[in-house]
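Please open the structure in a viewer with the sequence panel alongside. The tour below moves from the whole chain to single residues, naming a selection at each stop.

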Amino acid sequence: MADRTEERTPLVDFQDLAGWTVEPMNGAGCDLVLSREQKMWGDYVGKLTYQMPPQPSPKKEGSSDGAAIVRPPKPMPIEDGADCINMWIFGNLWEWAPEPGTPFLNISILLQDKNGKEQAVPLTRLRWKEWWLTHKKLAEPMTSASFAGIKFEGINNAEPRSIYLGPLY
């Protein structure tokens with residue numbers, strides 16, 4: 001998709017990661033960097049590399065897989081009336097051909113209301129190996145909401161795996 005022009009202005013474009021933070025959870029390792037490996041619009045995309053490093057003792061029954069949240073420097077206001085979330089993601093496995101050691105990640109968008117309360121809105125389950133425009137229709141239009149981050153759940157791979165993050169609308 002290199003050299004194409006984007007038709008609309010995204011809320012997040014992953015052209016600058018200054019101030020972005022990564023919050024690993026449940027022992028997961030996670031890193032977000034700028035990349036030109038799977039270029040889309042602009043000069044960069046976000047490259048998310050994640051893994052669950054070997055633990056010193058076996059995981060206890062009922063314990064959860066790893067997870068991670070990536071956050072912008074501060075919550076980003078969303079235009080009132082928005083009724084859906086769209087995001088380009090370049091995945092790393094096909095649903096019809098699972099690969100041992102590569103988990104199906106669940107991806108949610110974190111929205112923050114005017115009082116600072118966060119809500120995770122499930123966006124998709126990663127299941128493709130190309131650029132894909134994910135789409136989530138909301139039950140009601142948003143008012144006074146901000147984008148607060150992206151949550152990745154289901155990290156259980158011992159070896160590093162990467163996906164690429166494109167524009168979010």
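The stops that follow cover the overall fold, one sheet, and then several individual residues.

**Stop 1: the whole chain**

Select the entire protein in cartoon representation, bearing in mind that this is a predicted model. The secondary structure comprises 11 strands and 0 helices, so that a walk from the N terminus reads β-β-β-β-β-β-β-β-β-β-β. Switching to the C-alpha trace, one finds a span of about 45 × 40 × 35 Å along the principal axes. The radius of gyration is 16 Å, which agrees with the value near 15 Å that a compact globule of 169 residues would have.

Next, colour the chain by accessibility. Of the 169 residues, 41% count as buried. A surface representation exposes about 9,300 Å², of which carbon and sulfur atoms supply 49%. A contact map adds a further view: among contacts with a separation of 6 or more, 77% are between residues 24 or more positions apart.

**Stop 2: the five-stranded sheet**

Select β2, β3, β11, β6 and β9. These 5 strands form an open sheet in the order β2-β3-β11-β6-β9, with antiparallel pairing. The edges are β2 (29–35) and β9 (131–137); each has a single partner strand, so one side of each is left without a neighbour in the sheet. Viewed across the strands, the twist averages 30 degrees from one strand to the next.

**Stop 3: strand β11 and its two partners**

Narrow the selection to β11, residues 161–168. Is this strand enclosed by the rest of the structure, or is it open? Of the 8 residues of β11, 6 are buried, so the strand is largely enclosed.

Add β3 (residues 45–51), which runs antiparallel to β11 and is joined to it by 5 bridges. A useful pair to label here is Leu 48, which stands opposite Ile 163 in β11.

Then add β6 (residues 84–90), which also pairs with β11 in the antiparallel sense, over 3 bridges. Two pairs can be labelled along this border: Ile 89 stands opposite Leu 165, and Phe 90 has Tyr 164 as its bridge partner. With side chains displayed, a general point is worth recalling: in a regular strand the side chains alternate between the two faces of the sheet.

**Stop 4: the loop between β6 and β7**

Select Thr 102, which lies in the loop between β6 and β7 (106–112). Despite its place in a loop, Thr 102 is buried, with a relative accessible area of 8%. Display its side chain together with that of Arg 161: the two make a polar contact at 2.7 Å. Not counting residues up to four places away in sequence, Thr 102 touches Asn 92, Leu 93 and Arg 161.

Trp 94 is found in this loop as well. At 24% relative accessibility, Trp 94 counts as partly exposed, because buried status requires a value under 20%. Which residue, 33 positions away along the chain, should be selected with Trp 94? It is Arg 127, whose C-alpha atom is separated from that of Trp 94 by 5.0 Å. Beyond its neighbours within four places in sequence, Trp 94 is in contact with Phe 104, Arg 127, Trp 128, Lys 129 and Glu 130.

**Stop 5: Gln 112 in strand β7**

Select Gln 112, which belongs to strand β7. Its relative accessibility is 18%, and Gln 112 therefore counts as buried. Leaving aside neighbours within four places in sequence, the contacts of Gln 112 are Pro 75, Lys 117, Glu 118, Ser 144, Ala 145, Ser 146 and Ala 148. A distance monitor from Gln 112 to Ile 78, 34 residues apart in sequence, gives 9.8 Å between C-alpha atoms.

**Stop 6: two residues with positive phi**

Finally, select Phe 14 and Asn 26. Phe 14 is located in the segment before β1 (21–25), and its phi is near 55 degrees, a positive value in a residue other than glycine. Asn 26 lies in the loop between β1 and β2; its phi is likewise near 55 degrees.

Are these residues buried or partly exposed? Phe 14 counts as buried at 1% relative accessibility, whereas Asn 26 is partly exposed, with a relative accessible area of 48%.

Conventions: Residues numbered from 1 in each chain as written. Predicted model: local features only at pLDDT ≥ 70, side-chain atom pairs only at ≥ 80, totals over all residues. Heavy atoms only, no water. Pairing = 2+ DSSP bridges. Helix = DSSP H or I, 4+ residues; strand = E, 2+ residues; numbered from the N terminus. Axes fitted to C-alpha atoms, helices over the stretch in contact; angles between N-to-C directions. Rg over C-alpha atoms; globule rule 2.2 N^0.38 Å. Buried < 20%, exposed > 50% of the residue type's maximum accessible area, 1.4 Å probe, protein only. Contact = heavy atoms within 4.5 Å. Areas by Shrake-Rupley, 256 points an atom, 1.4 Å probe, with all protein chains shown as cover. Polar contact = N/O pair within 3.5 Å; in protein donor to acceptor, adjacent residues only side chain to side chain.
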